Amino acid sequence: MELHGAPNDLINNIDPLALIIFIPICDLFFYPWLERIGLRFTPIKKIAMGFITGAASMVAACVLQYYIYKKSPCHDNHPSDCDDPAPINVWVQIIPYILIAFSEIFASITGLEYAFTKAPKNMRSLVTSIFLFMSAISYAIGEAFVSLSADPLLIWNYGIIAV
């Protein structure tokens, strides 16, 4: 991908920056606006929306990787071994990172809040730890697909996670 002067590590920091920017916007403006117009965005709906945006992020990454392979000057589905980058601007990667940030806002933050507020006082740490253990299981499943994290299998990696 063409960097156009952007450092490589800047793109990886889009997710935390998006979280810092969009968490207050969601809490102060988006959720109250939904309440004002009569839509009740309950915690379960927020978590479901988080799963949907997470899947959409992986679909966006899959489509982007497809076009990287298609536009690569090497034409052999190994653009990382090619000397010339694919003629795609690196900033297009913002789309999956922003979507995954919204997924974290909707699913992870709401899930932790739900686990902590709905549990009895003497079981809050247990319920929160079970929620975090479920995240650990999902990370372990993601680790199982690390072998697909190489050219030309990246499309399959993103596609499987999206499903």
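Let's start with an open space: the largest pocket in this predicted model holds about 1100 Å³. Which residues sit closest to its centre? Of the 28 residues that line the pocket, the closest to the centre are Ile100, Ser103, Ser138, Tyr139 and Ile161. You may like to find these five in the structure before reading on.

Where does the rest of the lining come from? Helix H3 (43-71), H4, helix H5 (124-144) and helix H6 (154-162) are the elements that each give two or more residues to the lining of the largest pocket. H5 provides the largest share, with nine residues. Sorted by class, the lining has 17 nonpolar, nine polar and two charged residues.

Now step back and look at the whole chain. The protein chain has six helices and zero strands, and its pattern along the sequence reads α-α-α-α-α-α. Taken along the principal axes, the box filled by the C-alpha atoms of the chain is roughly 60 × 35 × 25 Å.

With only helices to follow, a good next step is to see how they pack. Two packed helices are described by the angle between their axes and the distance between the axes. Let's try this on two pairs.

The first pair is H3 and H6, both of which help to line the largest pocket. Their axes cross at roughly 165° and come within 8 Å. Because of that angle, H3 counts as roughly antiparallel to H6, the cut-off being over 145 degrees. The crossing of H3 and H6 is left-handed. On the H3 side, the contact is made by Ala55, Met58, Val59, Ala61, Cys62, Gln65, Tyr66 and Tyr69. H6 meets them with Leu154, Ile155, Tyr158, Gly159, Ile161 and Ala162. By class, this contact of H3 with H6 has twelve nonpolar, two polar and no charged residues. You have met Ile161 before, among the residues closest to the centre of the largest pocket.

The second pair is helix H2 (residues 14-36) and helix H4 (residues 94-118), which pack at an angle of about 50° with their axes 9 Å apart. That angle makes H2 oblique to H4, and the crossing of these two helices is right-handed. Among the contact residues of H2 are Ile14, Asp15, Phe22 and Tyr31, while those of H4 include Ile94, Ile100, Glu104 and Ile109. What classes of residue make up the contact of H2 with H4? There are 17 nonpolar, no polar and two charged residues. Ile100 of H4 takes part in this contact, and Ile100 is also one of the residues closest to the centre of the largest pocket.

Definitions and conventions. Residues numbered from 1 in each chain as written. Predicted model: local features only at pLDDT ≥ 70, side-chain atom pairs only at ≥ 80, totals over all residues. Heavy atoms only, no water. Axes fitted to C-alpha atoms, helices over the stretch in contact; angles between N-to-C directions. Helix = DSSP H or I, 4+ residues; strand = E, 2+ residues; numbered from the N terminus. Parallel < 35°, antiparallel > 145°, perpendicular 65-115°, else oblique. Left-handed = near helix turned anticlockwise from the far one by under 90°. Contact = heavy atoms within 4.5 Å. Nonpolar A, V, L, I, M, F, W, Y, C, P; charged D, E, K, R; others polar. 1 Å grid on protein atoms, 1.4 Å probe; cavity = no way out; pocket = protein on both sides within 12 Å on 5 of 7 lines; lining within 4 Å. Points joined across faces, edges and corners; volume = space filled by probe spheres on them.
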